[in-house]
Amino acid sequence: MGVTVAVVGLGFGRDFVPLYRSHPAVDRVVPVDSDRERRARVSEEFALEAGYDDLSSALDDPTIDAVHILTPVATHADFVVAALRAGKHVACAVPMATSLDDLTRIIAEHDGSGLVYMMMETAVYGREFRMVDELVSAGRFGALTMYRGFHIQNLDGFPAYWQGFPPMHYATHALSPVLALLDTTVESVRCLGAGRLDEKRRTGGFDNPFPAEIALFRLHGHDLVADVTMAFSQTAHPYAEGFSLAGEHLGFDWAGDDAVEGVLHRMEPPAPGERGNRVVVEPAPTSSRGAGLPPSLAGFTVDTEVQLDGMPRPVSVGASHGGSHPHLVHEFISSIVERRASRIDSRVAAAWTAPGIVAHQSALADGAERAVPDYSK
Ligand SMILES: NC(=O)c1ccc[n+]([C@@H]2O[C@H](COP(=O)([O-])OP(=O)(O)OC[C@H]3O[C@@H](n4cnc5c(N)ncnc54)[C@H](O)[C@@H]3O)[C@@H](O)[C@H]2O)c1
């Protein structure tokens, strides 16, 4: 018997429906959204059953094994706890939660449950991350010196619950790559708020006066410092979500845009009679995008069009976030089928999410250094 997955929240969640439908270990996909029109539209497009209006009905359905939560951020912690309590495996969009208490609450519910929890962090499954990971593992960078993560987006016109959102509460896309590359966690953080958020953008009810926040994270067991910039308003810059990394021998630079390839900087000795090392700049190689995926999912790492059984017409499926979505789906479903922890289980997710929560506390305290809790067992 394959897995039955409910996709809860069909905005960003819609992108995941054809991926679950295409996974060989998934039997059924059940749509859940309180917006009935949206749910009906997605059901019709992808030939799904009618589904449910609310999470609790899905949790009461004994045929549903797993839920993937893609509802607004403020719902994540309560929905994840409710789903685990109902005995369902859970995947949840980032961030895991926005308070340290909620991170602890989710870990307490997940620990010992025998269920899978996975935070669906796109940034550690995108093609750029995967390529850099291969080079770091092969020792090509040499000793690492500099990491800069950034997420710059403009939230004007987004739903009310995004207005004034503390940028560091969403730091996982910019920070998790370095934590995953080095298999480490954050020891402490100093963060400053930058700019002054216009009163008209403070309507979401958050304690946040900053359009941007800039943090320096100290890492356990490494000299490398992670420098992370988050900006959600009042910053005239194209959407960017990415990172740069430099070591003694090799550097990687990327604009953080799906349409722009990254570059590698290869350090060479000075030319004879010259001073200063030469740096050769070359396009970053693309790692094999579908590696490790079942054939039916590999095609989703690039923009594609699908018409699965029962679908009335073909539908375009974008491969945003570096083609990461099929990898996330495969890891979540595989961890259920193989009865093992997911790669981003609740303790890893907390270790990747807490630093941003603490960074915002530091920014509110004008940059005071703050320790980040340790979530290892
Ligand atoms: N790269 C990434 O990882 C990435 C990218 C985009 C969004 N996200 C995350 O995905 C989540 C969803 O983002 P979005 O842009 O689709 O949000 P959205 O607000 O556009 O859509 C949310 C959907 O959830 C539905 N919904 C809201 N409350 C509900 C409830 N109580 N029960 C059932 N349905 C409910 C809404 O009707 C809507 O269709 C957010 O948490 C966001 O942070 C992550």
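This is a short talk on the ligand site of a predicted model, followed by two points about its backbone.

I'll start with where the ligand is. The ligand sits in the largest pocket. Around it there are 22 residues, and those that come nearest are Phe12, Asp33, Arg38, His76 and Tyr161. By class, this shell has 10 nonpolar residues, 8 polar ones and 4 charged ones.

The shell is also shared between domains. At least three of its residues come from domain 1, which is 3–123 + 291–346, and at least three from domain 2, which is 125–284 + 353–371.

Now the polar contacts. Which residues place a polar atom against the ligand? I have three to show. Phe12 does so through its backbone: an N or O atom there lies 2.7 Å from an oxygen atom of the ligand. His76 uses its side chain, with a polar atom 2.8 Å from a ligand oxygen. Thr122 also uses a polar side-chain atom, but its partner is a nitrogen atom of the ligand, at 3.1 Å. As for cover, the ligand on its own has 850 Å² of accessible area, and the protein covers 80% of that.

Next, the backbone. Where is the cis peptide bond? Between Val94 and Pro95, with omega about -10 degrees. Pro95 belongs to the loop that runs between β4 (89–92) and α5 (100–110).

The other point is Asp183. Its phi is positive, near 50 degrees, and the residue is not a glycine. Asp183 is again a loop residue, found between α7 (172–182) and β7 (186–194).

That is what I have for today.

Terms used: Residues numbered from 1 in each chain as written. Predicted model: local features only at pLDDT ≥ 70, side-chain atom pairs only at ≥ 80, totals over all residues. Heavy atoms only, no water. Near = heavy atom within 4 Å. Polar contact = N/O pair within 3.5 Å; in protein donor to acceptor, adjacent residues only side chain to side chain. Areas by Shrake-Rupley, 256 points an atom, 1.4 Å probe, with all protein chains shown as cover. 1 Å grid on protein atoms, 1.4 Å probe; cavity = no way out; pocket = protein on both sides within 12 Å on 5 of 7 lines; lining within 4 Å. Sits in = over half its atoms within 2 Å of the grid points. Nonpolar A, V, L, I, M, F, W, Y, C, P; charged D, E, K, R; others polar. Domains from an automatic or database assignment. Helix = DSSP H or I, 4+ residues; strand = E, 2+ residues; numbered from the N terminus.
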